[in-house]
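Visitor: Please take a close look at a single part of this structure, beginning from one loop position and then setting it beside other places in the chain.

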Amino acid sequence: MKLVSLRRFTKNYSATLLMKINQLNIVVLTGAGISAESGLRTFRDNGGLWEEHPVEEVATPQAWQRNPSMVWGFYQSRRRQLSEVEPNPAHFALSKLAEYAKDFFLITQNVDDLHERSGIMDVVHMHGQLRMLRCELSGKSEERMEPSDLENDFQFCTCCETASRLRPDIVWFGEQPMNMVEIYNKIETCDVFIVVGSSGHVYPAAGLVNFAKQSNAQTILINLEEPLNSFMFDETHFGSAGKILPKLVAEWIDQQE
Ligand code: OAD
């Protein structure tokens with residue numbers, strides 16, 4: 001069922017889903033903020049990743065051509081870090097939400113695997129995944145997380161007759177995000193669109209809320225600080241996702257029972 005959202009530009013409502021959770025088709029978009037409480041640095045906050053490693057040095061196809069060792073080293077250290085972090089209460093709150101919603105679809109800009117490890121298996125990673133590496137020649141991706149895959153040496157594919165070098169399976173600046181057709185299709189038919197922990201700087205992710213609004217979805221934001229696109233949301237909750245999201249999801253479930 002499609003809803004028309006009545007509330008616009010409201011702030012800090014505690015729990016205002018327009019229908020019971022088990023009648024709703026919910027789409028969630030997460031960003032680096034949801035993994036911050038697990039110990040993974042965001043990109044643009046103070047001390048964020050891009051401060052120490054400028055985008056143009058580690059996150060563009062040109063950087064990979066110019067200095068593949070530096071780019072490889074950056075992503076290998078992030079790949080190794082995955083085994084040192086755990087999902088936090090915000091990730092677990094979303095997996096609970098997934099259980100109760102009529103339909104649930106999770107899009108993440110994050111390249112970590114914390115949503116999967118909190119119990120949501122079919123996550124759409126629009127900016128790629130650290131667990132995967134991609135053959136430079138065939139473009140095929142393979143999961144490569146054995147200890148030997150995490151060393152600083154370049155790794156080679158299993159798909160070509162003569163093994164080709166693998167690159168990180170990450171969407172760099174200037175490249176197309178993944179799965180956009182599916183993402184727009186899911187948002188077009190959703191009742192509620194929730195964004196967690198994203199600064200609204202990077203498109204097309206930052207514009208998905210506009211598309212959700214045009215599609216008459218109710219839009220809800222949970223973020224530490226006010227992001228650039230916060231005016232597009234019907235309802236905004238400012239603070240840490242690990243505190244706010246479990247509370248909101250518990251209230252939404254209570255309303256159903
Ligand atoms: P950013 O680093 O741009 O923004 C993170 C947002 O999370 C900020 O608005 C913070 O206020 C918020 N935040 C921090 N801690 C939080 C917490 N505990 N609870 C809730 N919110 C919190 O990260 P993204 O918006 O995800 O792309 O960045 C988008 C893309 O830019 C990334 O996917 C990456 C980057 O360049 C690529 O690498 C292709």
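Guide: G39 counts as exposed, because its C-beta has 11 neighbours inside 10 Å and the limit for an exposed residue is 12 or fewer. The model is a predicted one. G39 sits in the loop that runs between α1 (33–36) and α2 (49–52). Along the chain, G39 and D153 are 114 residues apart, and their C-alpha atoms lie 26 Å apart in space.

Another exposed loop position can be set beside G39. T162 belongs to the loop between β6 (141–143) and β7. T162 has 7 C-beta neighbours inside 10 Å and therefore counts as exposed. From the C-alpha of T162 to that of W50 the separation is 35 Å, with their positions 112 residues apart along the chain.

The loop between β7 (166–170) and α8 holds E175. E175 is partly exposed, because 13 other C-beta atoms lie within 10 Å. E175 and A98 are 77 residues apart in sequence, and 30 Å separates their C-alpha atoms. N179 is also in the loop between β7 and α8. N179 counts as partly exposed, since it has 13 C-beta neighbours inside 10 Å.

Next, the backbone. Most residues other than glycine have a negative phi, and most peptide bonds are trans. N179 has a phi near 60 degrees, a positive value in a residue that is not glycine. N216 has a positive phi as well, of about 65 degrees, and is not a glycine either. N216 is placed in the loop between α9 and β9. With 13 other C-beta atoms within 10 Å, N216 is partly exposed. The peptide bond from Y203 to P204 is cis, with omega near 10 degrees. P204 lies in the loop between β8 and α9.

Strand β9 contains Q218. Q218 has 25 other C-beta atoms within 10 Å and is therefore buried, the limit for a buried residue being 20 or more. Between the C-alpha atoms of Q218 and L137 there are 43 Å, and the two are 81 residues apart in sequence. Q218 is also among the residues touched by V192. The others are L17, L24, I26, A217 and I220, leaving out residues up to four places away in sequence.

V192 leads to the nonpolar interior. The largest nonpolar core has 46 residues, and those touching the most other members are I26, V28, L94, V192, F193, V196 and L245. At least two residues of this core come from each of β2 (25–30), α6, β3 (103–108), α8 (180–188), β8 (192–196), α9 (208–214), β9 (218–223) and α10. The most is given by α10, with 6 residues. Apart from this core there is another, of 9 residues, including V58, A59, V111 and I170.

That leaves the packing of two helices. Two packed helices are described by the angle between their axes and the distance between the axes. For helix α6 (residues 89–100) and helix α10 (residues 241–256), the angle is about 20 degrees and the axes are 8 Å apart. The two helices are therefore roughly parallel, because angles under 35 degrees are counted that way. The crossing in which α6 passes α10 is left-handed. On the α6 side, the contact is made by P89, A90, A93, L94, K96, L97 and Y100. The α10 side brings A241, G242, L245, P246, V249, I253 and Q256. Sorted by class, the contact between α6 and α10 has 11 nonpolar residues, 2 polar and 1 charged. L94 and L245 take part in this contact, and both are listed with the core residues that touch the most other members.

Key: Residues are numbered from 1 along each chain as its sequence is written. This is a predicted model: local features need pLDDT of at least 70, side-chain atom pairs count only at pLDDT 80 or more; totals for chains, interfaces and linings use all residues. Axes are lines fitted to C-alpha atoms, for helices over the stretch in contact, and angles run from 0 to 180 degrees between N-to-C directions. Helices (H or I, at least four residues) and strands (E, at least two) are DSSP runs, numbered from the N terminus. Angles under 35 degrees count as roughly parallel, over 145 as roughly antiparallel, 65 to 115 as roughly perpendicular and the rest as oblique. A crossing is left-handed if the near helix is turned anticlockwise from the far one by less than a right angle, and right-handed if clockwise. Two residues are in contact if their C-beta atoms, placed from the backbone, lie within 7 Å. Ala, Val, Leu, Ile, Met, Phe, Trp, Tyr, Cys and Pro count as nonpolar, Asp, Glu, Lys and Arg as charged, and the others, Gly among them, as polar. A nonpolar core is a set of buried Ala, Val, Leu, Ile, Met, Phe, Trp, Tyr and Cys residues joined through C-beta atoms within 7 Å.
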